[in-house]
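Visitor: I should like a close look at a single part of this structure, together with what surrounds it. Please set out the criteria behind each term as you go.

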Amino acid sequence: MTGDVLSRFDLSGRHALVTGGGGVIGTVLARGLMDAGAVVAVQDLTLEKAEAVKAHHAFAADVSNADACRQLVNDVDTAIDGIDILVNCAGINRRKPIVDVTVDDFDAIVAVNMRAIYFLCQAVRDSMVRRGRGSIVNISSMSARYSYETISVYAATKAAVSSMTRSFAQEWARDGIRVNCIEPAVVRTDFTKPLWGVDHRQRFFDELTPLGRLMEPDEALGAVLYLASDASSYVTGQAILLDGGITTGANWDQFA
Ligand SMILES: NC(=O)c1ccc[n+]([C@@H]2O[C@H](COP(=O)([O-])OP(=O)(O)OC[C@H]3O[C@@H](n4cnc5c(N)ncnc54)[C@H](O)[C@@H]3O)[C@@H](O)[C@H]2O)c1
C-alpha cells in the first residue's frame with residue numbers, strides 16, 4: 001500500500017470522544033483511534049474506569065441522563081477544543097424472557113442504548129459544524145436485525161440505533177456530518193458470557209457461524225477506523241454488519 005492510501009485512514013488533527021470507552025470494545029476503539037493519530041477523550045460511568053484506558057482525556061458521566069449527555073459534550077468540547085469524531089459505544093443489557101421484563105428494565109435499557117445516543121448526537125452537532133466536519137459512529141448490533149431469546153428490549157434499542165443512524169445522516173449530510181454504525185454479532189466479552197459461556201451455546205455459535213467462531217473485540221476496530229476517517233468520505237447512513245457470515249444463510253449438510 002502506498003502512503004497515499006494509508007493517509008485516508010490518518011486521524012492526525014482529529015478530536016474524538018468515545019462513550020463507554022472504558023468497556024471492552026470501547027477500550028479497543030479508543031486506543032485504535034489514538035494509534036491512528038486522533039486526540040481521544042474517553043467517557044465512562046466512573047473516572048477510574050475511563051482513566052484506565054490511558055487515553056488523552058478521561059471523563060465520568062452517566063449517559064442515561066439526557067442532561068448529563070449535553071454536559072459531557074460541553075466538557076469534552078472545551079477540553080479538546082472541538083469534536084470531529086463521536087463513537088457511541090456505551091451500552092447495557094438485562095437479558096430476560098419477555099414475560100419477566102419490567103418497566104424499569106425497559107426504561108433502563110432504552111435510556112442508555114437509545115436515548116443517550118440521540119441526545120449525544122444532538123449535543124455534538126454544533127461542535128462538528130464549527131470544526132467544519134464530523135463523523136459519528138454508533139455501535140449498534142447484529143441484533144438490530146437478527147434476534148436471540150432474552151434480548152427483546154436490547155434488540156429493539158439496537159434497531160433504533162441503526163434507524164437513528166439513517167435519520168441523522170440524512171438530516172445532517174449537508175452540514176458535513178457523516179453518521180454510520182457497525183452491527184457486530186456476538187463478541188467474546190464478559191458482556192456476552194451468559195450467551196456463549198456454556199458448552200452447547202458455544203457449539204451453537206461455532207456451528208452456525210460460517211467463519212466458525214465468535215468475534216474478538218479487536219475485530220470491531222477496522223470498520224470503526226474506516227467509518228471515522230476520510231477512507232469512508234462518501235459513506236453515510238450505513239450499517240456495516242460484522243457477523244462472520246451468520247446472515248448469509250445456513251449450510252444444513254454440516255449436520256449430516
Ligand atoms: N459484546 C458484544 O457481543 C456486543 C455485540 C454487539 C454490540 N455490542 C455493543 O458494543 C458496545 C460495547 O459493549 P462491550 O461488550 O464492550 O460491553 P462493556 O460492558 O464492556 O462496555 C460498555 C461500557 O458502557 C459503560 N456504560 C454502561 N452504562 C453507562 C451509562 N449509563 N453511562 C455511561 N457509560 C455507561 C459501561 O461502564 C461499560 O464500560 C455496547 O453498546 C454493546 O451493546 C456488544
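Guide: The account below starts with one helix, moves to the ligand and the sheet, and ends with a few individual residues.

The model is a predicted one, in which local features need pLDDT of at least 70, side-chain atom pairs count only at pLDDT 80 or more, and totals for chains, interfaces and linings use all residues. Residue numbers start from 1 along each chain as its sequence is written.

The part chosen is helix α2, residues 24-35. Helices (H or I, at least four residues) and strands (E, at least two) are DSSP runs numbered from the N terminus. The expected span of a helix is 1.5 Å times one less than its number of residues. The 12 residues of α2 should therefore span 16 Å, and the 17 Å between its end C-alpha atoms agrees with this. After α2 comes G37, which has a positive phi near 110 degrees.

Burial is judged by counting other C-beta atoms, placed from the backbone, within 10 Å of a residue's own: 20 or more make it buried, 12 or fewer exposed, and counts in between partly exposed. The buried residues in α2 are I25, G26, T27, V28, L29, A30, G32 and L33. Their cover includes the strands β1 (15-19), β2 (39-44), β4 (85-88) and β5 (134-139), as well as helix α9 (221-228). Contact here requires C-beta atoms, placed from the backbone, to lie within 7 Å.

Helix α2 also takes part in the surroundings of the ligand. A residue is near the ligand if its C-beta atom, placed from the backbone, lies within 6 Å of it. There are 25 residues around the ligand, and G20, G23, I25, G91 and V187 come nearest. With three residues, α2 supplies the largest share of this shell. The shell consists of 13 nonpolar, nine polar and three charged residues; Ala, Val, Leu, Ile, Met, Phe, Trp, Tyr, Cys and Pro count as nonpolar, Asp, Glu, Lys and Arg as charged, and the others, Gly among them, as polar.

The sheet comes next. Its seven strands form an open sheet with parallel pairing, in the order β3-β2-β1-β4-β5-β6-β7. At its edges stand β3 (57-60) and β7 (239-242), each pairing on one side only. From one strand to the next, the twist averages 15 degrees. Two strands pair if DSSP finds at least two bridges between them. Strands of a sheet pair through backbone hydrogen bonds, either parallel or antiparallel.

Four bridges join β1 and β4 in the parallel sense, with L17 having L86 of β4 as its bridge partner. Across β1, β2, β4 and β5 lies α2, running at about 175 degrees to β1. Another helix, α6 (residues 152-172), packs on the sheet by touching β5, β6 (177-184) and β7, and its direction makes about 165 degrees with that of β6. Such angles run from 0 to 180 degrees between N-to-C directions, the axes being lines fitted to C-alpha atoms, for helices over the stretch in contact.

Strand β6 is mostly covered, with eight of its eight residues buried. On one side the buried residues are I177, V179, C181 and E183, and on the other R178, N180, I182 and P184. Six bridges pair β6 with β5 in the parallel sense, and V137 stands opposite N180 of β6.

Returning to strand β1, one of its residues is T19, which counts as buried because 31 C-beta neighbours lie inside 10 Å. Leaving aside residues up to four places away in sequence, T19 touches Q43, V63, N88, C89, A90 and L120. In helix α4 lies V73, which is buried because 25 other C-beta atoms are within 10 Å. With the same exclusion of residues up to four places away in sequence, V73 touches L120, A123, V124 and S127.

Two loop residues complete the account. Most residues other than glycine have a negative phi, and most peptide bonds are trans. K54 is not a glycine, yet has a positive phi of about 60 degrees; this residue sits in the loop between α3 (47-51) and β3. Its 13 C-beta neighbours inside 10 Å make K54 partly exposed. D81, also not a glycine, has a positive phi of about 60 degrees and lies in the loop between α4 (66-80) and β4. D81 counts as exposed, because it has 12 C-beta neighbours inside 10 Å.

How values were computed:
Contact = placed C-beta atoms within 7 Å.
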